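Biologist: Please bring up the sequence and the model. I have some questions about the packing.

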Amino acid sequence: ITLLAVVGVESSFDRASESRIGALGYMQVRPEIWGDLFDLTNPEENIYAGAYILNKYLGRTRDLTEALKAYNVGITNYRLRRFQQAQERYVSKIHQFFERWEYLTL
């Protein structure tokens, strides 16, 4: 469900989604960082790339909420105070997605 929530929040399930900074696809992965390892235009590889990144961040932070914050603003930025509000909004959207999903699956 975590990956489903990230896809929902990042791209609203639009496989052709592109952010203003050039992040691509379902998981909004940045090609200048990850494009050499994954074909980010391929939906399956895009989701795999996002899962890989989130898993790496989880290994570094040892906490899913912290890993999600790092996914949102980058591992080098997630501890910076200036990104705190953006991270809180992002994690809140993820939690809202969980709540909606739980409601739909009851």
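The questions and answers below deal with one helix, the core and the aromatic pairs.

Modeller: This is a predicted model, where local features need pLDDT of at least 70, side-chain atom pairs count only at pLDDT 80 or more, and totals for chains, interfaces and linings use all residues. Residues are numbered from 1 along each chain as its sequence is written, and side-chain values use heavy atoms, with hydrogens and water left out.

Biologist: How far apart are the end C-alpha atoms of helix α3?

Modeller: Helices are DSSP runs of H or I with at least four residues, numbered from the N terminus. The expected span is 1.5 Å times one less than the number of residues. For the 19 residues of α3, 43–61, that gives 27 Å, and the value in the model agrees: 27 Å.

Biologist: What arc around the axis do the buried residues of α3 cover?

Modeller: Buried means under 20% relative accessible area, exposed over 50% and partly exposed in between, with a 1.4 Å probe and protein chains only. The buried residues here are Asn-46, Ala-49, Gly-50, Ile-53, Leu-54, Tyr-57 and Thr-61. They lie on the same side of α3, because the arc, taken from the directions from the helix axis to the C-beta atoms, is only 125°.

Biologist: Which residues are exposed on the other side of α3, and which helices does the buried side pack against?

Modeller: Glu-44, Tyr-48 and Asn-55 are the exposed ones. Counting contact as heavy atoms within 4.5 Å, the buried residues of α3 pack against α1 (2–11), α2 (31–34) and α4 (64–73).

Biologist: Which residue has a side-chain oxygen close to the backbone nitrogen of Glu-44, within 2.9 Å?

Modeller: The atoms sit at the start of α3. A polar contact is a pair of N or O atoms within 3.5 Å, one able to donate a hydrogen and the other to accept it; residues adjacent in sequence count only if both atoms are side-chain atoms. The oxygen belongs to Asn-42.

Biologist: Which helix supplies the largest share of the largest nonpolar core?

Modeller: A nonpolar core is a set of buried Ala, Val, Leu, Ile, Met, Phe, Trp, Tyr and Cys residues joined through side-chain atoms within 4.5 Å. The largest one has 24 residues, and Val-6, Val-29, Tyr-57 and Tyr-71 have the most contacts inside it. α1, α3, α4 and α5 (84–105) each supply at least two residues. The largest share, five residues, comes from α4.

Biologist: How many residues apart in sequence are the parts that Phe-13 and Phe-97 tie together?

Modeller: Rings of Phe, Tyr and Trp (its six-membered ring) pair if their centres lie within 6.5 Å; planes under 30 degrees apart count as stacked, over 60 as edge-to-face and the rest as tilted. Phe-13 and Phe-97 form a tilted pair, 6.1 Å centre to centre and 40° between the planes. Phe-13 lies in the loop between α1 and α2 and Phe-97 in helix α5, so the separation is 84 residues.

Biologist: Is Phe-13 buried or partly exposed?

Modeller: Its partner Phe-97 is buried, with a relative accessible area of 9%. Phe-13 has 43% relative accessibility and so counts as partly exposed.

Biologist: Which residues does Trp-34 touch, not counting residues up to four places away in sequence?

Modeller: Trp-34 is in helix α2 and counts as buried at 16% relative accessibility. Ring pairs link Trp-34 with Phe-38, Tyr-48 and Tyr-52 into a cluster. Beyond four places in sequence, Trp-34 touches Val-29, Leu-40, Tyr-52 and Ile-53.
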